[in-house]
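Work through these exercises with the sequence and the model open side by side. Try each task before reading its solution.

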Amino acid sequence: MFRTEKLDLDLSFLMAVDRFTTGANVHKIRGLAHAYVLACENNQASKAEEYLSRLLGELGRSAKTSKP
């Protein structure tokens with residue numbers, strides 16, 4: 001059975017990722033954010049959850065290493 005509605009994107013979260021990511025892993029973080037968007041647009045809920053989880057992990061790791 002096909003879903004006709006799109007998964008909900010957290011647009012404010014994606015805007016924050018795009019505006020505030022810096023450092024060595026910025027490409028990895030933005031790549032995961034783009035993969036999350038594509039999975040949502042293609043109604044792949046399990047992939048979207050996976051990418052979002054990986055994205056949050058990378059952001060957490062990035063925040064820990066950027067503290068003085």
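**Exercise 1. The overall layout**

How many helices and how many strands does the protein have?

Solution.
- Start with the count: the protein has 3 helices and 0 strands. This is a predicted model.
- Next, read along the sequence. The pattern is α-α-α.
- Then look at burial. Of the 68 residues, 26% count as buried.
- Finally, check the contacts between residues at least 6 apart in sequence. Of these, 62% join residues at least 24 apart.

**Exercise 2. How α1 meets α2**

Find helix α1 (residues 11–20) and helix α2 (residues 26–41). Are they roughly parallel or roughly antiparallel to each other?

Solution.
- Take the axes. They come within 10 Å and cross at roughly 155 degrees.
- Apply the cut-off: angles over 145 degrees count as roughly antiparallel. Therefore α1 and α2 are roughly antiparallel.
- Add the handedness. α1 passes α2 in a left-handed crossing.
- List the residues that make the contact. From α1 come L14, V17 and D18; from α2 come I29, R30, A33, Y36 and V37.
- Sort them by chemistry. The contact holds 6 nonpolar residues, no polar ones and 2 charged ones.

**Exercise 3. The faces of α1**

Which residues of α1 are buried? Which residues on the other side are exposed?

Solution.
- Mark the buried residues in α1: F13, L14 and V17.
- Look down the axis of α1. The buried residues fall within an arc of 100 degrees, so they line one face of the helix.
- Turn to the other side of α1. There L11, S12, R19 and F20 are exposed.

**Exercise 4. V17 and its partners**

Which residues does V17 touch, not counting residues up to four places away in sequence?

Solution.
- Place the residue. V17 lies in helix α1.
- Check its burial. Buried means under 20% relative accessible area. V17 has 5%, so it is buried.
- Read off the partners, leaving out residues up to four places away in sequence. V17 touches I29, A33 and L59.
- Take the L59 pair further. V17 and L59 are 42 residues apart along the chain, yet their C-alpha atoms are separated by 8.5 Å.

**Exercise 5. E58, S62 and N25**

Where are E58, S62 and N25, and which residues does N25 contact beyond its neighbours within four places in sequence?

Solution.
- Place E58 in helix α3. S62 is also in α3, which spans residues 45–66. N25 sits in the loop between α1 and α2.
- Test E58 for burial. Its relative accessibility is 8%, so E58 counts as buried.
- Test S62 in turn. Its relative accessible area is 16%, so S62 is buried.
- List the contacts of E58, setting aside neighbours within four places in sequence. They are N25, K28, I29 and L32.
- List those of S62, not counting residues up to four places away in sequence. They are T22, N25 and I29.
- Now take N25. Beyond its neighbours within four places in sequence, N25 contacts E58 and S62.
- Close with two C-alpha separations. N25 and L59 are 34 residues apart along the chain and 9.3 Å apart in space. S62 and T21 are 41 residues apart along the chain and separated by 8.7 Å.

**Exercise 6. The start of α2**

Is V26 buried or exposed? How many residues separate V26 from E58 in sequence?

Solution.
- Place V26 in helix α2.
- Read its relative accessible area. At 14%, V26 is buried.
- Compare sequence with space. V26 and E58 are 32 residues apart in sequence and 9.6 Å apart, C-alpha to C-alpha.

**Exercise 7. A backbone check**

What is the sign of phi at N43, and where is N43 found?

Solution.
- Recall the background. Most residues other than glycine have a negative phi.
- Read the angle. N43 has a positive phi of about 55 degrees, although it is not a glycine.
- Locate the residue. N43 is in the loop between α2 and α3.
- Classify its exposure. Relative accessibility is 27%, so N43 counts as partly exposed.

Technical notes
Residues numbered from 1 in each chain as written. Predicted model: local features only at pLDDT ≥ 70, side-chain atom pairs only at ≥ 80, totals over all residues. Heavy atoms only, no water. Axes fitted to C-alpha atoms, helices over the stretch in contact; angles between N-to-C directions. Helix = DSSP H or I, 4+ residues; strand = E, 2+ residues; numbered from the N terminus. Parallel < 35°, antiparallel > 145°, perpendicular 65-115°, else oblique. Left-handed = near helix turned anticlockwise from the far one by under 90°. Contact = heavy atoms within 4.5 Å. Nonpolar A, V, L, I, M, F, W, Y, C, P; charged D, E, K, R; others polar. Buried < 20%, exposed > 50% of the residue type's maximum accessible area, 1.4 Å probe, protein only. Arc of directions from axis to C-beta.
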